[in-house]
Structure formats: structure tokens, C-alpha cells
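Trainee: Before we look at the picture, could you take me through the reasoning behind the words people use for a structure, setting each value against its cut-off?
Mentor: Gladly; ask about one word at a time, and we shall work from the value to the conclusion.

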Amino acid sequence: MNQGPIGIFDSGFGGLTVFKSICERLPQYDYIYLGDNARVPYGNRSFETVYQYTKECVFKLFEMGCPLVIVACNTASAKALRSIQQNDLPPGKKVLGVIRPTTEIIDQYTKTGHVGILATQGTVRSESYKIEIQRFHPQIVVHQHACPVWVPLVENNDLDSEGTHFFVKEDVEALLSQSPEIDTILLACTHYPLLLPTIQAHTPKHIKLVPQGDLVADSLVEYLQRHPEVEVQCRRGSTYSFYTTDDPADFGEKAKLFFGQEVIAFHTIVEAVD
């Protein structure tokens, strides 16, 4: 049996926060990270475009030998994952996302049954979190708010300025104005954990803030335990490789902010997939 690395895909840098959590929980495997930085952002693109871009990047990771790919991007998970799983997977290949691991267990955090979602415009418009949470937990009421400036703030490493505090405060208050019963806020974008101290500063203390990284990592641990036929295909060597569709030097410089350690990246070309 041919073994290969686990693939981690994101439209840019945010998926590195999920990758970091996965590496902490499962350091024994080999990994390839692919960021489609040349075509970021995905959040304001159509469903069809996101589906096509995501499929191309997932198939690139399959081509690089990955038996399993994690789509560590909320927009791609919302707009493309299910179509790829149902229509496009080659035999023996698997692809997972970040929405289901989060929505399956969100009931463990809320006591009032009112959950807030902070996400990109694309994720909010897709209604994916609302649909998935109500599928698993129909008793939970979901409130959503899009934060279009948060990703640019994070990518510019503008995490604690007066302007950042202004925008974060405005967005948190806009979400909480939808219901006084919200007691849990899901950070449904992989960039947002870097803003966590600023978000906490403008969120009432009784409200739980839930980033995704650890939840996705825990879910992957359970998935590999439940699916030994997939786990046996995942190569164990504790190596990490990073690829980007844009400038690798720029990627490496910015990736350290998300991944927490030095990153050396390589350029790759992603080709169209029928």
C-alpha cells in the first residue's frame, strides 16, 4: 500500500491555525500544507468559482500523494466540500472540512441554546453553519454576523491597534444585538483566533468564545481511530511541507504569525480540473 502525507488546504494563511492544532495533537504524521494565495480571498467569490478552485487544490494534494485532505477553510468547506465528497473523489481518497467537527459538538458549550457565529460574508451567506447546527441540534437558535474587515486586519498583522479594536467592538456588538440570550460565539473563520485577545476585550465575560482549531484536531483524531483503513495510508515521519500558489518568500514571512514557527515554503502551480 502506498502511504502519503495528510494534506491541509486553505485559500491562504488562516488554515495554518488549524494545521498548528492538528500538528500538536497528531505530530507523528507527515503533512503538506497548500495555500492558494494567488487567488485569495475566496469569501466574496461565487459558489461555482469556490468549488472549482477548491477542487483544483484538493486534487493537487491528491496528486502529491495525499490519501486524506483537510479543507481548513470555512468558505471552501461551506461552498465546495459536499459537492467534492459526493461527485469528485477518486477511489480511496478522502476529504474532510472544518464545519461539521464544530457544529457536531457546539451544544456542549451553550446553556441558553442561542449561539452566535462570526464569519466571513461568504460563510454567512452560505447558511452552512445554521443548516449544520440545526441538523444536529434543532433546538439551538443560530445568530450570524459577517466581519469583512477582520481577515485583512489579521493578514496585515494589525491585531491590537485602535482601529482594530473599533471594528471588532462594532462587529461583536452587532452580533450580540440580535439576542440577549447568546452565551456562545463560534469563531467560524480560521484567521480569527489571532484576534482572540481583542475579541475577548469586547465580549461579556459570561459568553464563551470557541475557536475551531482544537475542535477540528480532536475530530481528526477520532476520525482516524474510526477509520483504520484511512489511517494506515497516512505516512508517519513527522515532516511538514508548505506550498503556495503565490510568492513563497512572502508566504513564509507571514505564515509564522499563524503557525507559530518558521516556515519555508515552495511555489506550486494548480491546474484546472474537469
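Trainee: Why is Asp30 called buried?
Mentor: This is a predicted model, and in it Asp30 has a relative accessibility of 5%; since buried means under 20%, Asp30 counts as buried.

Trainee: And what makes Arg235 partly exposed?
Mentor: The relative accessible area of Arg235 is 34%, and because partly exposed covers the range between 20% and 50%, Arg235 is placed in that class.

Trainee: How do you know that Asp30 forms a salt bridge with Arg235?
Mentor: The closest N and O atoms of Asp30 and Arg235 are 2.6 Å apart, and because the cut-off for a salt bridge is within 4 Å, the pair qualifies; it belongs to a structure that holds 13 salt bridges.

Trainee: What does the pair of Asp30 and Arg235 tie together?
Mentor: Asp30 lies in the loop between α1 and β2, while Arg235 lies in the loop between α12 and β9, so the pair ties together parts that are 205 residues apart in sequence.

Trainee: What makes Glu132 and Arg135 a salt bridge, and how are they placed in helix α7?
Mentor: Their side chains meet at 3.0 Å, N to O, which is within the 4 Å that a salt bridge requires. Being 3 residues apart in helix α7 (residues 128–136), Glu132 and Arg135 are separated by about one helical turn. As for accessibility, Glu132 has a relative accessible area of 7% and is buried, whereas Arg135, at 46%, counts as partly exposed.

Trainee: Which residues are linked with Glu56 in a network of salt bridges?
Mentor: The network links Asp36, Arg39 and Glu56. Within it, Glu56 and Arg39 have their closest N and O atoms 2.8 Å apart; Glu56 sits in helix α2 (residues 47–63) and Arg39 in the loop between β2 and α2, 17 residues apart. Both Glu56 and Arg39 are buried.

Trainee: How do you know that the span of α2 is close to the expected one?
Mentor: Helix α2 has 17 residues and reaches 24 Å from its first C-alpha to its last, and 24 Å is also what is expected at 1.5 Å a residue. Its buried residues, including Val50, Tyr51 and Phe62, pack against several elements, among them β1, β3 and α4.

Trainee: What makes you say that both faces of β3 are covered?
Mentor: Leu68 and Ile70 on one side of β3, and Val69 and Val71 on the other, are all buried. In a regular strand the side chains alternate between the two faces of the sheet.

Trainee: Why are β3 and its partners called paired?
Mentor: Two strands count as paired if there are at least two bridges between them; β1 and β3 have 4 bridges and β3 and β4 have 3, each pair in the parallel sense. Val69 is the bridge partner of Gly7, and Val69 also stands opposite Val95 in β4.

Trainee: Why does Cys23 form no disulfide with Cys66?
Mentor: The sulfur of Cys23 is 13 Å from the closest cysteine sulfur, in Cys66, and because a disulfide needs sulfur atoms within 2.5 Å, that is too far for a bond. The sulfur of Cys66 has its closest cysteine sulfur in Cys234, at 9.0 Å, which is again too far. A search of the whole structure accordingly finds 0 disulfides.

Note on methods: Residues numbered from 1 in each chain as written. Predicted model: local features only at pLDDT ≥ 70, side-chain atom pairs only at ≥ 80, totals over all residues. Heavy atoms only, no water. Helix = DSSP H or I, 4+ residues; strand = E, 2+ residues; numbered from the N terminus. Buried < 20%, exposed > 50% of the residue type's maximum accessible area, 1.4 Å probe, protein only. Expected span 1.5 Å × (residues − 1). Contact = heavy atoms within 4.5 Å.
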